[in-house]
Amino acid sequence: MTNAALCPNLISNYRTPKIFWYQTDNAVFIRIILTDVEKYSIRVDCDTFKFSTTLNGNKYFVGLKLCGTVVADKTSHEKLGREIKVCLIKAHKWTDWPRLQMNKEKTTFICMDPDHIVKKKSWDDPFANLAERETFDEYKKRMNITNIPPPESSTSGSESDDEKYIGYDY
């Protein structure tokens, strides 16, 4: 008889909400998908994240060992209608996290936020292969650039910086 046969099945009284996450260069954003949450608890340490609430008689809990470190006292969160959005400030900025939690096993309740997926190789990366770079139109769309104004004409009547100082001895 093996040790696995002697262990009883673990049964939890807690449910796990759906979590979407994404990151920027400076922060990690977690969206906890639960509708009409009134009260909840969030606890963040340098490398752990915990969330709990009760909704319609059901208890919810999430405990994560984060893949990177965060500045716990700069954590912010906001209750929106259908979700709770949490912003964790990265302790090591400009470092990409390969996943949200340290555990490499795939979990069904955590996934990347499909609204915030960005190509790793961007238009402005000089080391990207030409075929892997996004087009300038894709870059403008990703950065929400709708109009690039033309440079100001020097015939607009105002003097340029160089023209202002001509004739002055410094």
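The accessible surface of the protein chain amounts to about 12900 Å², and carbon and sulfur atoms account for 52% of this area; accessible areas were obtained by the Shrake-Rupley method with a 1.4 Å probe, and for residues only the protein chains shown count as cover. The model is a predicted one, in which local features need pLDDT of at least 70 and side-chain atom pairs count only at pLDDT 80 or more, whereas totals for chains, interfaces and linings use all residues. Residues are numbered from 1 along each chain as its sequence is written, and side-chain values use heavy atoms, with hydrogens and water left out. Of the 170 residues of the protein chain, 25% count as buried, where buried denotes a relative accessible area under 20%, exposed one over 50%, and partly exposed a value in between (1.4 Å probe, protein chains only).

The secondary structure of the protein chain consists of three helices and nine strands, both taken as DSSP runs numbered from the N terminus (helices H or I, at least four residues; strands E, at least two). From the N terminus on, these elements follow the order α-β-β-β-β-β-β-β-β-β-α-α. Contact is defined as heavy atoms within 4.5 Å, and among contacts in the protein chain between residues at least 6 apart in sequence, 54% join residues at least 24 apart.

Four strands form an open sheet in the order β1-β6-β5-β4, with mixed pairing; two strands are taken to pair if DSSP finds at least two bridges between them. The edge strands of this sheet are β1 (14-15) and β4, each of which pairs on one side only. In general, strands of a sheet pair through backbone hydrogen bonds, either parallel or antiparallel. Strand β4 (residues 40-44) and strand β5 (residues 48-55) pair in the antiparallel sense over five bridges, and the two strands form a hairpin with three residues between them. Within this pairing, V44 has F49 of β5 as its bridge partner, while Y40 stands opposite T53 in β5.

A search of the whole structure finds three aromatic pairs, a pair being assigned when ring centres of Phe, Tyr and Trp (its six-membered ring) lie within 6.5 Å, with planes under 30 degrees apart counted as stacked, over 60 as edge-to-face and the rest as tilted. One of these is the stacked pair of Y22 and F29, with 4.9 Å from centre to centre and 15 degrees between the planes; both Y22 and F29 are buried. Y40 and F51 form a tilted pair, at 6.0 Å centre to centre and with 35 degrees between the planes. This pair links distant parts of the chain, with Y40 in strand β4 and F51 in strand β5, eleven residues apart. F51 is classed as buried because its relative accessible area is 0%, whereas Y40 counts as partly exposed because its relative accessibility is 23%.

Two residues that are not glycines have a positive phi, namely D36, at about 60 degrees, and N56, at about 55 degrees. D36 lies in the loop between β3 (27-33) and β4, and with a relative accessible area of 53% D36 is therefore exposed. N56 is found in the loop between β5 and β6, and its relative accessible area of 74% likewise places N56 in the exposed class.

A further loop, between β6 (58-65) and β7 (76-79), holds C67, which is buried, with a relative accessible area of 17%. The C-alpha atoms of C67 and L100 are separated by 5.6 Å, although these residues are 33 residues apart along the chain. When neighbours within four places in sequence are left aside, C67 is in contact with W97, P98, R99, L100, Q101 and M102.

At the surface, F136, M143, I145 and I148 make a nonpolar patch of about 330 Å². Patches are made of residues with over 30% relative accessible area and no salt bridge, like charges being joined within 9 Å and nonpolar side chains (Val, Leu, Ile, Met, Phe, Trp, Tyr) within 5 Å; a salt bridge is a side-chain nitrogen of Lys or Arg within 4 Å of a carboxyl oxygen of Asp or Glu. Of the residues in this patch, I145 is placed in the loop between α2 (136-142) and α3 (161-164), and at 30% relative accessibility I145 counts as partly exposed.
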